[in-house]
Amino acid sequence: MPRESIRTDPETPFEVRTLGVVDYQDAYDTQHSLAAERADGTLDHDLLLLLEHPSTYTAGKRTEPSDLPTNGANVVDVDRGGRITWHGPGQLVGYPIVALAQPLDVVDYVRRIESALIAVCARFGVSAGRVDGRSGVWVCDDAGERKLGQIGIRVARGITLHGFALNVNPDMSAFDAIVPCGIADAGVTSLALEAGHEITVDEVLVDVVDAVRSAFDHRDVGADVIGVTDPQASVEPGVASVR
């Protein structure tokens, strides 16, 4: 059975910073700086950065040349696992800077993020779940598999970096230029598309905060969500993939 909390010290505060729209490189530098401080102990608590990025393609360690944009757009190489994805307005990005409990269980950490995002989708009337062998949050029906939330992390010195991206109401055409997460046989979607009405990033912020806090400090609720697969399924150690 999973431990109660994924955090080293669940009694310490879990700070949330909502930052608005932030340039990708600025956010990258900020989270790495905070992670170093958390590892050194100069930052004495965990936190979650919530933000949006200007339109940006980022490539994880397993990105293949065939995944890259066909429109000539610039790609930022990053130190997370996984392959290529897109960030942009209308997509809520979360970067947890968390000291993980020992022994490290990266699979449990990723599953808890999935559970949190699945719970948020349910609050907006969207049934989402997991797909066997693929991380993230998915909508699966007669129309096929569509990815709604991406997860790509790094763990360094026991501290998490990078995190998740929830497609709330972005311009989905940005995904047309790439093979999102290196998955050619599935689609991408958004919370607004699946719900059938306008939803803004601001509307989901409180729900995301509540769900992430609950998932991190309580046992994984994965058994209560649809599409559950093996909770011990492989995740790349240290750098969980965006697949």
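This passage walks through a predicted model of a protein, from its overall make-up to a few individual residues.

The protein is built from four helices and 11 strands. Of its 243 residues, 56% count as buried. Contacts that reach far along the chain are a marked feature: among those between residues at least 6 apart in sequence, 74% join residues at least 24 apart. A single pair illustrates this kind of meeting. Val 188 and Arg 146 are 42 residues apart in sequence, yet their C-alpha atoms are 4.6 Å apart in space. Val 188 belongs to strand 11, which covers residues 187-188. With a relative accessibility of 26%, Val 188 counts as partly exposed, because this value falls between the limits of 20% for buried and 50% for exposed.

A good place to start a closer look is helix 1, which runs over residues 24-40. Gln 31 is found in this helix and is buried, its relative accessible area being 0%. Leaving aside residues up to four places away in sequence, Gln 31 touches Leu 49, Tyr 95, Ile 97, Leu 161 and His 162. Between helix 1 and strand 2 (46-52) comes a loop, and His 45 has its place there. Although in a loop, His 45 is buried, with a relative accessible area of 15%. The side chains of His 45 and Asp 44 are joined by a polar contact of 2.8 Å. Beyond residues up to four places away in sequence, His 45 touches Thr 12, Pro 13, Glu 15 and Arg 38.

Further along, the loop between strand 6 and helix 2 holds Pro 103. The peptide bond that leads from Gln 102 to Pro 103 is cis, with omega near -10°. Helix 2 itself spans residues 106-123, and its length can be checked: at 1.5 Å a residue, 18 residues should span 26 Å, and the end C-alpha atoms are indeed 26 Å apart, so the two values agree. Most of helix 2 is covered, with 15 of its 18 residues buried. After helix 2 comes Gly 125, whose phi is positive, near 80°.

The interior also contains empty space, in the form of three cavities of 30 Å³ or more. The largest cavity has a volume of about 110 Å³. Its lining is made up of 15 residues, and the closest to its centre are Arg 80, His 87, Tyr 95, Gly 152 and Gly 163. Four strands each supply at least two residues of this lining, namely strand 5 (84-87), strand 6 (91-97), strand 9 (144-156) and strand 10 (159-167). Strand 10 gives the largest share, with four residues. By character, the lining of the largest cavity divides into seven nonpolar residues, seven polar and one charged.

Strand 10 is also home to His 162, one of the residues touched by Gln 31. His 162 is a residue other than glycine with a positive phi, near 55°. At 2% relative accessibility, His 162 counts as buried. Arg 157 likewise has a positive phi, of about 55°, although it is not a glycine. This arginine lies in the loop between strand 9 and strand 10. At 59% relative accessibility, Arg 157 counts as exposed, because the value is over 50%.

Note on methods: Residues numbered from 1 in each chain as written. Predicted model: local features only at pLDDT ≥ 70, side-chain atom pairs only at ≥ 80, totals over all residues. Heavy atoms only, no water. Buried < 20%, exposed > 50% of the residue type's maximum accessible area, 1.4 Å probe, protein only. Polar contact = N/O pair within 3.5 Å; in protein donor to acceptor, adjacent residues only side chain to side chain. Contact = heavy atoms within 4.5 Å. Expected span 1.5 Å × (residues − 1). 1 Å grid on protein atoms, 1.4 Å probe; cavity = no way out; pocket = protein on both sides within 12 Å on 5 of 7 lines; lining within 4 Å. Points joined across faces, edges and corners; volume = space filled by probe spheres on them. Nonpolar A, V, L, I, M, F, W, Y, C, P; charged D, E, K, R; others polar.
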